Amino acid sequence: MNKEETMIEMMNDEEFNTYKKNLIKETFTEDDYLSCEKTRQILEDEFFWKWEKKGEPSIEEFYNGMRTEMQGRYATPLFYDTTGEFSSKLTGIVYKHLKREYDISVFHDCPDLAEPLVRKYDEIQENKKIKNKISHKVNEGVNIKVTKKFDWGTKTYK
Amino acid sequence: MLNTYLTSKGLIIKRLKIFIIKIIIMNINTDRLEPYKIFNYITSPRKMSYENWLRSPVMEAADTTDDVYFKKVCFKNGDYYTHKHFILDFYQDLIDTLHQNGFNIQDEKEFKREIAIFIYRLSRERL
């Protein structure tokens, strides 16, 4: 058992929870959450929930206010929507154009939700290492060509 | 005389350029778009192009003690409040509402275009 494992063993539940929270905060980025199907679904559900709770009602309220005013004045704009049935059409247009800005703090507040990603932690780290290695090798390849001179006699870089 | 002619020619070309740029920016086919299909409701046929409708003033009912008539809505300085003004105001209020609730738009140009079409298809040309 190494030093860190011993330290974790000694922690009480509250300390372990804080440790887990911080670890998740420091380790995973938004891209990581989006790369895992289950955590991605959580982020998308949260976004939709926020839209349904805050966004959609406020747009409907705004539109109906505007429409009622136009109907009351018997004005040309929005003349044909006499009952407000087109507010859902408007909210549909708005939702289609929303910038998908996900709030990853849900995983910081409730680290258990990140469990599917934690289980893939080793795999993610391994992929990151492989990517780093590949980019390092590509750079090395470039460096050889830039820094070393090709000898046409021996057909090698010197 | 030549100066006046050149100035007016320049103005016409300038206006033509602005008109073409507007069409490109708004990316809207200037053909008439029919109103949305509204259940149990007959809409009047389109007589104006989209561009002309944008430039036309918003109209509303006004009543005196004896009569009801329709008037063109004006700013305080007497300029017409057009359907384009209405669209811009509607769009700005919509964006403000979204921002207040913590939302942003991905492609504002395309969004504005769709909102303009949405309003156009629900509006009457004149009263």
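Helices and strands are taken here as DSSP runs, numbered from the N terminus. In these terms, the secondary structure of chain B in this predicted model amounts to four helices and two strands. Along the sequence, the elements of chain B are arranged in the pattern α-α-β-β-α-α.

The two strands of chain B form a hairpin, in which strand 1 is joined to strand 2 through four residues. Strand 1 comprises residues 59–63 and pairs with strand 2 in the antiparallel sense, over five bridges. One of the residues involved is Met59(B), whose bridge partner in strand 2 is Lys72(B). Strand 2, which covers residues 68–72 of chain B, is hardly covered by its surroundings, and the number of buried residues among its five residues is zero. Over the whole of chain B, which has 127 residues, buried residues account for 13%. When contacts in chain B between residues at least 6 apart in sequence are considered, 53% of them join residues at least 24 apart.

The contact between the two chains was examined next. Chain A contributes 23 residues to this contact and chain B contributes 32 residues. On the side of chain A that touches chain B, helix 4 (37–72) and helix 5 (87–97) of chain A each provide at least two residues. Helix 4 of chain A has the largest share of that side, with six residues. By class, the side of chain A that touches chain B consists of 13 nonpolar, four polar and six charged residues.

Within this contact, one pair of helices can be described in detail. Two packed helices are described by the angle between their axes and the distance between the axes. For helix 5 of chain A and helix 4 of chain B, the axes come within 10 Å and cross at roughly 170 degrees. Because angles over 145 degrees count as roughly antiparallel, helix 5 of chain A is roughly antiparallel to helix 4 of chain B. Helix 5 of chain A takes part through Lys89(A), Leu90(A), Ile93(A) and His97(A), while helix 4 of chain B takes part through Glu110(B), Phe111(B), Glu114(B), Ile115(B) and Phe118(B). The residues in this contact divide by class into five nonpolar, one polar and three charged.

The nonpolar cores were then considered. The largest nonpolar core holds 18 residues, of which Ile59(A), Ala75(A), Leu78(A), Leu90(A), Val58(B) and Leu122(B) touch the most other members. Two or more residues of this core come from each of helix 4 and helix 5 of chain A, and likewise from helix 3 (83–100) and helix 4 (108–122) of chain B. The greatest contribution is that of helix 4 of chain B, which gives four residues. Apart from its neighbours within four places in sequence, Leu90(A) is in contact with Ile59(A), Tyr63(A) and Phe118(B). A second core, separate from the largest one, has nine residues, among them Phe28(A), Tyr33(A), Ala114(A) and Leu117(A).

A further residue of chain A, Tyr19(A), is located in helix 2, which spans residues 13–27. Tyr19(A) is classed as partly exposed because 14 other C-beta atoms lie within 10 Å, whereas a buried residue would require 20 or more and an exposed residue 12 or fewer. The C-alpha atom of Tyr19(A) is separated by 8.6 Å from that of Ile8(A), a residue eleven positions away along the chain.

Technical notes. Residues are numbered from 1 along each chain as its sequence is written. Chains are lettered from A and ligands numbered from 1 in the order in which they are written. This is a predicted model: local features need pLDDT of at least 70, side-chain atom pairs count only at pLDDT 80 or more; totals for chains, interfaces and linings use all residues. A residue is buried if 20 or more other C-beta atoms lie within 10 Å of its own, exposed if 12 or fewer, and partly exposed in between; C-beta atoms are placed from the backbone. Two strands pair if DSSP finds at least two bridges between them. Two residues are in contact if their C-beta atoms, placed from the backbone, lie within 7 Å. Ala, Val, Leu, Ile, Met, Phe, Trp, Tyr, Cys and Pro count as nonpolar, Asp, Glu, Lys and Arg as charged, and the others, Gly among them, as polar. A nonpolar core is a set of buried Ala, Val, Leu, Ile, Met, Phe, Trp, Tyr and Cys residues joined through C-beta atoms within 7 Å. Axes are lines fitted to C-alpha atoms, for helices over the stretch in contact, and angles run from 0 to 180 degrees between N-to-C directions. Angles under 35 degrees count as roughly parallel, over 145 as roughly antiparallel, 65 to 115 as roughly perpendicular and the rest as oblique.
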